[in-house]
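Here's a quick briefing for anyone meeting this structure for the first time. Have a look at the sequence and the model, then read on for a few places to explore.

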Amino acid sequence: MTDVQDLFSRARQLQQAGQAAQAEQLYRQIVLINPDHMAAHFNLGAMLHGRGESVGARHHYEQAIRLQPNFLPAYNNLGNLLSTLGDAAGATANYREALRLNPDSVEVLTNYGKLLHDQRQWQEALACYDRGLRLRPDFPALLGNRAILNTQLNRTPQAIADYESAIRLEPSNPAPYINLAQLCNDIGRSDEALECGQKLLGLGIDSAAARLLVANALRGQGRVGEAIEWFRKLLELAPGAAQHSDLLYVLNFDPDRDPPTIYAEHLAWAKKHAEPLTALAQPHSNDRTVNRRLRIGYVSPHFREHAVSFFTEPLFAAHDHEQFEIFCYYDYRETDGVTTRLQATADHWRMVNGLSDEQVANLVRDDRIDILVDLTGHIGGNRLLVFARKPAPIQVTYIGYQNTTGMSAMDYRLTDERADPPGLTDPFYTERLVRLPKAFFCYRPDEAFGPITPLPALAAGHVTFGSFNLFAKVTSQVIDTWLDILARVPRSRLMVLANRGGYAQRQFHQGAQARGIDSERIEMCERLPRPDYLRRMQQVDIGLDPFPFNGHTTTCDAIWSGVPVVMLEGQTYASRFGGSVLANVGLTHLIAQTREQYVDIAVGLAGDLAGLAQLRGELRPRMAGSALLDFNGFARNVEQAYRRMWVDWCQTHG
């Protein structure tokens, strides 16, 4: 026995000295001599666990438990191992046994809470995190985990408080800075996000994550030129397709970039990331019967509560399932009520989150998809490298992105004549443009809308202008234009979606001061849950659209709320697609061709309150009776376009 104890002591010393191979050899020797040496089994299991040998690790943990049934660390470690192996039931049993032995084990509460969190048992996970933090308020891992969960539960103030506590406890740990900044960017608090990114850089952490935080925060503040510089810096450290797509997206916000320049950047992305994959694509063996039922696949991370769903849901709900078999490839970890509704409209639902691009492409091929539709473009979370592999004979990009993909593998893009007038924008797409009749989209107003309210100006005695678009679209030119409108409309007010007390407010107040405008006439509105946002919309008399990147969902929301929107039309899809909304409800006279005309239109509307009040009551009925809410008619137009694509492909590849 003494010899075994000597061996164990030597093994521990070697392990602590970092001589893992020699320590492991001694532990193995010990369990051969004495198979009932619990500590040797446990230590050997931990070493094997650490290097990913799960079978051996599990065996030795179980031996340790057999020999000492009240040894908590073995249950905890075995729970961790089984959790990583996807055995949630086994992990749960071990964590619960560990907590039976010691209900106050903060380590076990942390691990069990994370398992429950991953299993979407959110309230149970929160209970674990809360109990652990009552026991150890200074435990950063628990604070970080609870912050992530609070974010998912839309408990934003609690999440921010947890991240800030974690930062105070571990000021050199980049994780809470990164997560806090991502949250702040997501909720429109770009000032705090930028501060987090700058603190990371100040700590000497010049990582891709830090550069991305700074770039996104600058974009969120409307500082487009600076954001572009930081996205280029990001590419120096992380030259991947996703990071390159981030750069392409922000180019659409820049009023100083012309269409040929932006197009060239998209071609450069495709040449580097997509075309090498397209060159390896295999031929397609799809049945070339022209009139058969076609298999249509839609790929998106936005089959949930998201702006894109206001436009995809009407199409999906109205599809003709006798003629078209619908497949949805959903690439996001969370689901919600919108997901449930969309899933009910599909013939086949594929959860592809976590699968590689190649795996998704193979799944599409196995499903024998005839037409594969991208709903994301170069927006974050896209799967363009699935499309680059050309898994379907016909590939279409639609609704999610305001420009070309740049890819030869993408055959078509759905649009309309207002957004893409023939001959104007065609040279700047690699895709063939298919212009749908009347409008490229349908819109589904949700139940959060209330009845149309009276014109606010009649009771307030002044006109309220408003814009609830992403502030990233509000460039310095837009700020100058809106302030010019305020200067010409006495006592008028402006409501803008932006941080209070931050960069945006400073920009507006400085411009107002230069024009002699009382800064109290400008109200910064924090981002709100959708029902509250729609109630805020009812306080607006006239909507002001940003440029050169139009609003779209926000414009639809405004029109349905009875709020007319003034728009400046440009030479690109991003600066024109909002015009499809206005054109379909008879508001083309609100579409300006110059900045000066934009100001004149807004001022003219504000000077006719009687006409504005009448228009407010007319807009919702107009929209309801327009092509924008004709779900069946729109679906037939899209399906006819799909059928024409299919006929052309069959004739070409027959």
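Let's start with Thr404, which touches Tyr263, His266, His378, Phe428, Tyr429, Thr430 and Glu431, leaving aside residues up to four places away in sequence. Keep in mind that this is a predicted model. From Thr404 we'll move on to another loop residue, then the strands, the aromatic rings and the chain as a whole.

**Thr404 and its surroundings**
- You'll find Thr404 in the loop between β5 (394–397) and β6 (412–415).
- Thr404 counts as buried because its relative accessibility is 0%.
- The side chain of Thr404 makes a polar contact of 2.7 Å with the side chain of Glu431.
- That side chain of Thr404 also reaches the backbone nitrogen of Gly406, at 3.0 Å.

**Asn286, another loop residue**
- Asn286 sits in the loop between α16 (259–278) and β1 (294–300).
- With a relative accessible area of 11%, Asn286 is buried.
- Not counting residues up to four places away in sequence, Asn286 touches Arg292, Arg368, Ile369, Asp370, Pro393 and Trp646.
- With one of these, Asp370, Asn286 shares a side-chain to side-chain polar contact of 2.9 Å.

**Strands β2 and β3**
- Strand β2 (residues 324–330) and strand β3 (residues 348–351) run parallel, joined by 4 bridges.
- To get from β2 to β3, the chain passes through helix α18 (residues 337–345), and this β-α-β crossover is right-handed.
- If you'd like a spot to zoom in on, Phe327 has His348 in β3 as its bridge partner.

**The six-stranded sheet**
- An open sheet is built from 6 strands with parallel pairing, in the order β10-β9-β8-β11-β12-β13.
- Why is one side of β10 (522–525) and of β13 (591–592) left without a neighbour in the sheet? These two strands stand at the edges and have a single partner strand each, so one side of each has no neighbour there.
- Strand β12 (residues 565–568) pairs with β13 in the parallel sense over 2 bridges.
- Within that stretch, Leu568 stands opposite Ala592 in β13.
- Helix α22 (residues 476–488) packs on the sheet, where it touches β8 (464–467), β9 (493–497), β10 and β11 (542–544).
- The direction of α22 makes about 155° with that of β9.

**Aromatic rings**
- The count of aromatic pairs comes to 27.
- One pair to look up is Phe468 with Tyr533, which is edge-to-face, with 6.0 Å from centre to centre and 90° between the planes.
- This pair links distant parts of the chain, since Phe468 is in the loop between β8 and α22, Tyr533 is in helix α24 (residues 530–537), and the two are 65 residues apart.
- Both Phe468 and Tyr533 are buried.
- There's also an aromatic cluster, formed by Tyr249, Phe253, Phe310, Phe311, Tyr401, Phe440, Phe441, Tyr443, Phe549, Tyr573 and Phe577.

**The whole chain**
- The protein chain has 29 helices and 13 strands.
- Its 654 residues include 56% that count as buried.
- Taken along the principal axes, the C-alpha atoms of the protein chain fill a box of roughly 100 × 70 × 45 Å.
- Among contacts in the protein chain with a separation of 6 or more, 66% come from residues 24 or more positions apart.

Key:
Residues are numbered from 1 along each chain as its sequence is written. This is a predicted model: local features need pLDDT of at least 70, side-chain atom pairs count only at pLDDT 80 or more; totals for chains, interfaces and linings use all residues. Side-chain values use heavy atoms; hydrogens and water are left out. Two strands pair if DSSP finds at least two bridges between them. A crossover is right-handed if, with the strands pointing away from the viewer, the path from the first strand over the helix to the second runs clockwise. Contact means heavy atoms within 4.5 Å. Axes are lines fitted to C-alpha atoms, for helices over the stretch in contact, and angles run from 0 to 180 degrees between N-to-C directions. Buried means under 20% relative accessible area, exposed over 50%, partly exposed in between (1.4 Å probe, protein chains only). A polar contact is a pair of N or O atoms within 3.5 Å; within protein, one must be able to donate a hydrogen and the other to accept it, and residues adjacent in sequence count only if both atoms are side-chain atoms. Rings of Phe, Tyr and Trp (its six-membered ring) pair if their centres lie within 6.5 Å; planes under 30 degrees apart count as stacked, over 60 as edge-to-face and the rest as tilted.
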